[in-house]
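Hi everyone, thanks for coming. I'd like to walk you through one protein model today, so please have a look at the sequence and the structure first.

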Amino acid sequence: MKKIITTIMLLAVLSAFSFTEKDSISTFTFQRLAMMEDFDCDACGCSASGGSMGFSSMLNNNFVGLRYFKQNYTSRDGIFANSPWIDENFNTVQAWARIPVTEKIQISALVPYHFHERKLTAGTQNIEGLGDITVMGLYTVYETQKDSTFFTHKLNIGGGVKMPTGKFKEINNLGSINQSFQLGTGSWDFPLVSEYVIKHDNLGLNTTLNYIFKTKNSKNYQYGDQFNYAGTFFYLFDVNSFQIVPQAGLAGEVYKTNVQHGLDVPNTEGDILFGKFGMEAGKDRFSIGVNAMLPINQNLSNGNMEANYRWSINLNYTL
């Protein structure tokens, strides 16, 4: 399944620039740069919307698209200090969109399909299926043109809901350090988000803060609330209707302790800081993007789990 989906993504990317239809990307201006929003689900993204790799495109403010992203971790195969380390791969193919409702209101939607794998000492475990669908609304509360220092500013705030459309199975957590090897949390969760962008000519800085309130699922398991933050520098190169936007920055995630039947689950809290870098390229209605994240500092599950890398590739169509 993974090879088939990866092949489809690569073919889609290779064919993206065969289209010649002229549209808003060819008349792209810096006012249309979309804000990069971090929104993740637990340390390994059991129902991740992007693994903190972004919630929207830097080129297409209003779009529909397809994205594949991968997260790689190592964790203890068991709860003991001498338990062996195992390799875990979290893979997601995601349909995503950002659609305007009014001049100041946008709706974002994420529909993930997961296929995860971990190599236990007793054999390989695989799970596959629909993940948790997320719908969010964003409202522009403040926006300016160039001020006396030739900067532009934009502030968005919003919130939404993550629905328990992905299956949560207790057996996947038994004896496991990584409590996020699931297709979904099984709970209704509620993110609050904010994003601020300041720009000067072709250079800009995007900052995001968001907090995810998580509730108890039908199995009396509750993932801990999560706080995300990020800052990303970006620069626009626009030559003959072809746009390239390189970007680099930092992203952090902080997880509270999970709770089961009213008791804290040991070794489920943590925090991590990533370095992030990537690039998007656009022509006419189409754009492609590639992003990667590498850990700088981390303390996940009391040192019993380590993030190794995350990367993604996406293909978008401008509405």
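**Buried charges and a few other things**

Let's start with one arginine: R98 is buried, because its relative accessible area is 0%, and the cut-off for buried is under 20%. Keep in mind as we go that this is a predicted model.

So what does the side chain of R98 meet in a salt bridge? The partner is E195, and the N to O distance is 3.0 Å. Now look at where the two sit: E195 is in strand β7, residues 189-200, while R98 is in strand β2, and they are 97 residues apart. E195 counts as buried too, because its relative accessibility is 1%. For anyone new to this, side chains of opposite charge can pair when their charged atoms come close.

How many salt bridges does the structure hold? Five. I'll show you two more of them.

The next one is between D132 and K162, where the closest N and O atoms are 2.6 Å apart. D132 lies in the loop between β4 (123-130) and β5, and K162 is in strand β6 (residues 152-162), so this pair ties together parts that are 30 residues apart in sequence. Buried or exposed, what would you say for D132? It counts as buried, because its relative accessibility is 1%. K162 goes the same way, as 3% relative accessibility makes it buried.

Then there is R310 with E253, whose side chains meet in a salt bridge at 2.8 Å, N to O. Here R310 belongs to strand β17 (residues 305-318) and E253 to strand β12 (residues 242-255), which puts them 57 residues apart. R310 is buried, and E253 is as well. And going back to the earlier pair for a moment, salt bridges with shared partners connect D132, K162 and D189 in one network.

Okay, let's zoom out. The protein has 319 residues, and buried ones make up 52% of them. Its secondary structure is one helix and 17 strands. If you take the contacts with a separation of 6 or more, 64% of them are between residues 24 or more positions apart. As for the outside, the accessible surface is about 13700 Å², and carbon and sulfur atoms account for 64% of that.

With this many strands, let's pick out one sheet. It is an open sheet of three strands, in the order β9-β13-β14, and the pairing is antiparallel. Which strands are at the edges? Those are β9 (221-222) and β14 (263-264), each pairing on one side only. Strand β13, residues 259-260, is joined to β14 by two bridges, and within that pairing V259 stands opposite D264. A quick reminder from the textbook: strands of a sheet pair through backbone hydrogen bonds, either parallel or antiparallel.

Now to the surface. There is a nonpolar patch of about 640 Å², and it is made by V101, I105, I107, V135, Y139, V141, Y142 and I157. Two elements give two or more residues to it, β3 (105-120) and β5 (134-144). Of these, β5 gives the most, with four residues. V101 comes from the loop between β2 (85-100) and β3, and it is exposed, because its relative accessible area is 53% and the cut-off for exposed is over 50%.

Stay on β5 for a second, since T140 is also found in that strand. T140 is buried, because its relative accessible area is just 7%. Its side chain makes a polar contact of 2.8 Å with the side chain of N156. Leaving out residues up to four places away in sequence, T140 touches K104, K154, L155 and N156.

Last stop: two asparagines with a backbone angle to look at. Most residues other than glycine have a negative phi. N240, though, has a positive phi, near 50°. You'll find N240 in the loop between β11 (237-239) and β12, and it is exposed, with a relative accessible area of 71%. N267 also has a positive phi, about 60°. N267 sits in the loop between β14 and β15 (270-283). How accessible is N267? It is partly exposed, at 23% relative accessible area.

That's my tour, so over to you for questions.

Methods:
Residues numbered from 1 in each chain as written. Predicted model: local features only at pLDDT ≥ 70, side-chain atom pairs only at ≥ 80, totals over all residues. Heavy atoms only, no water. Pairing = 2+ DSSP bridges. Patch = residues over 30% accessible without salt bridge, like charges linked within 9 Å, V, L, I, M, F, W, Y side chains within 5 Å. Areas by Shrake-Rupley, 256 points an atom, 1.4 Å probe, with all protein chains shown as cover. Salt bridge = Lys/Arg side-chain N within 4 Å of Asp/Glu carboxyl O. Buried < 20%, exposed > 50% of the residue type's maximum accessible area, 1.4 Å probe, protein only. Contact = heavy atoms within 4.5 Å. Polar contact = N/O pair within 3.5 Å; in protein donor to acceptor, adjacent residues only side chain to side chain.
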